[in-house]
Structure formats: structure tokens, C-alpha cells
Amino acid sequence: MYFTDRGIEELASRRGEEDVSFDWLAEQLRTFVDLNPEFEVPVERLATWLARLDDDD
């Protein structure tokens with residue numbers, strides 16, 4: 001188990017029943033990066049990966 005799995009599991013257990021929009025998620029990611037600028041690159045990579053999930057390789 002990766003260290004990040006704990007955070008992902010907590011997210012799923014605490015918020016897993018909620019419906020959220022991608023607009024809401026994007027705003028939360030912006031706020032997180034504003035508060036934690038050192039995570040700008042990983043958050044950008046995650047957002048890009050999520051945006052391109054359905055793209056044909």
C-alpha cells in the first residue's frame with residue numbers, strides 16, 4: 001500500500017456518498033495549490049490526467 005492510499009481511503013470513506021461536479025473539484029484543487037504552492041506540479045499532472053482519461057492514445 002502506498003502512503004497516498006491512506007488519504008484516498010479516507011476520502012472515499014468520508015465523502016464517498018457525495019456527488020460533486022468537476023467545477024467544484026477544480027475549485028478545491030485551485031484552493032489547495034493557493035495554500036500549498038509546492039504541490040502545483042503534482043496537482044497540475046493529476047488534473048491533466050483526469051481531463052484526458054477518455055483520449056485515444
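These questions and answers walk through a predicted model.

Reader: How many salt bridges does the structure hold?
Author: Side chains of opposite charge can pair when their charged atoms come close. One such pair is E10 with R14. R15 with E18 is another, and R30 meets E27 as well. The count of salt bridges in the structure is three.

Reader: Where do E10 and R14 lie?
Author: E10 and R14 meet through their side chains in a salt bridge, 2.9 Å from N to O. They stand four residues apart, about one turn of the helix. Both belong to residues 3-15, which form helix α1.

Reader: Is R14 buried or exposed?
Author: Its partner E10 has a relative accessible area of 41%, so E10 is partly exposed. R14 reaches 63% relative accessibility. Exposed means over 50%. R14 therefore counts as exposed.

Reader: How far apart are the closest N and O atoms of R15 and E18?
Author: R15 is partly exposed at 39%. E18 is partly exposed too, at 40%. The two form a salt bridge. Its closest N and O atoms are apart by 2.9 Å.

Reader: Which helix holds both R30 and E27?
Author: The side chains of R30 and E27 meet at 3.3 Å, N to O. R30 has a relative accessible area of 48%, so R30 is partly exposed. E27 is partly exposed at 40%. Because R30 and E27 are three residues apart, about one helical turn separates them in helix α2.

Reader: Is the pair of F32 and F39 stacked, edge-to-face or tilted?
Author: The count of aromatic pairs comes to one. In it, the ring centres of F32 and F39 are 5.6 Å apart and their planes meet at 40°. Planes under 30 degrees apart would be stacked, and over 60 edge-to-face. At 40° the pair is therefore tilted.

Reader: What is the relative accessible area of F39?
Author: F39 pairs with F32. F32 is partly exposed at 36% relative accessibility. F39 is also partly exposed, and its relative accessible area is 37%.

Reader: Which residues make the nonpolar surface patch?
Author: The patch covers about 390 Å². One of its members, W49, lies in helix α3, residues 40-51. W49 is exposed, with a relative accessible area of 52%. The residues of the patch are L46, W49, L50 and L53.

Reader: Which residues are the closest to the centre of the largest pocket?
Author: The largest pocket holds about 770 Å³ of space. Its lining counts 18 residues. The closest to the centre are L11, W24, L25, L29 and L46.

Reader: Which helix supplies the largest share of that lining?
Author: Helices α1, α2 and α3 each give at least two residues to the lining of the largest pocket. The largest share is six residues. That share comes from α2.

Reader: Is V33 buried or exposed?
Author: V33 sits in helix α2. Its relative accessibility is 16%. Buried means under 20%. V33 therefore counts as buried.

Reader: How far apart in space are V33 and V43?
Author: In sequence, V33 and V43 are 10 residues apart. The spatial value runs from C-alpha to C-alpha. For V33 and V43 that distance is 7.5 Å.

How values were computed
Residues numbered from 1 in each chain as written. Predicted model: local features only at pLDDT ≥ 70, side-chain atom pairs only at ≥ 80, totals over all residues. Heavy atoms only, no water. Patch = residues over 30% accessible without salt bridge, like charges linked within 9 Å, V, L, I, M, F, W, Y side chains within 5 Å. Areas by Shrake-Rupley, 256 points an atom, 1.4 Å probe, with all protein chains shown as cover. Salt bridge = Lys/Arg side-chain N within 4 Å of Asp/Glu carboxyl O. Buried < 20%, exposed > 50% of the residue type's maximum accessible area, 1.4 Å probe, protein only. Phe/Tyr/Trp six-rings, centres within 6.5 Å; stacked < 30°, edge-to-face > 60°. 1 Å grid on protein atoms, 1.4 Å probe; cavity = no way out; pocket = protein on both sides within 12 Å on 5 of 7 lines; lining within 4 Å. Points joined across faces, edges and corners; volume = space filled by probe spheres on them.
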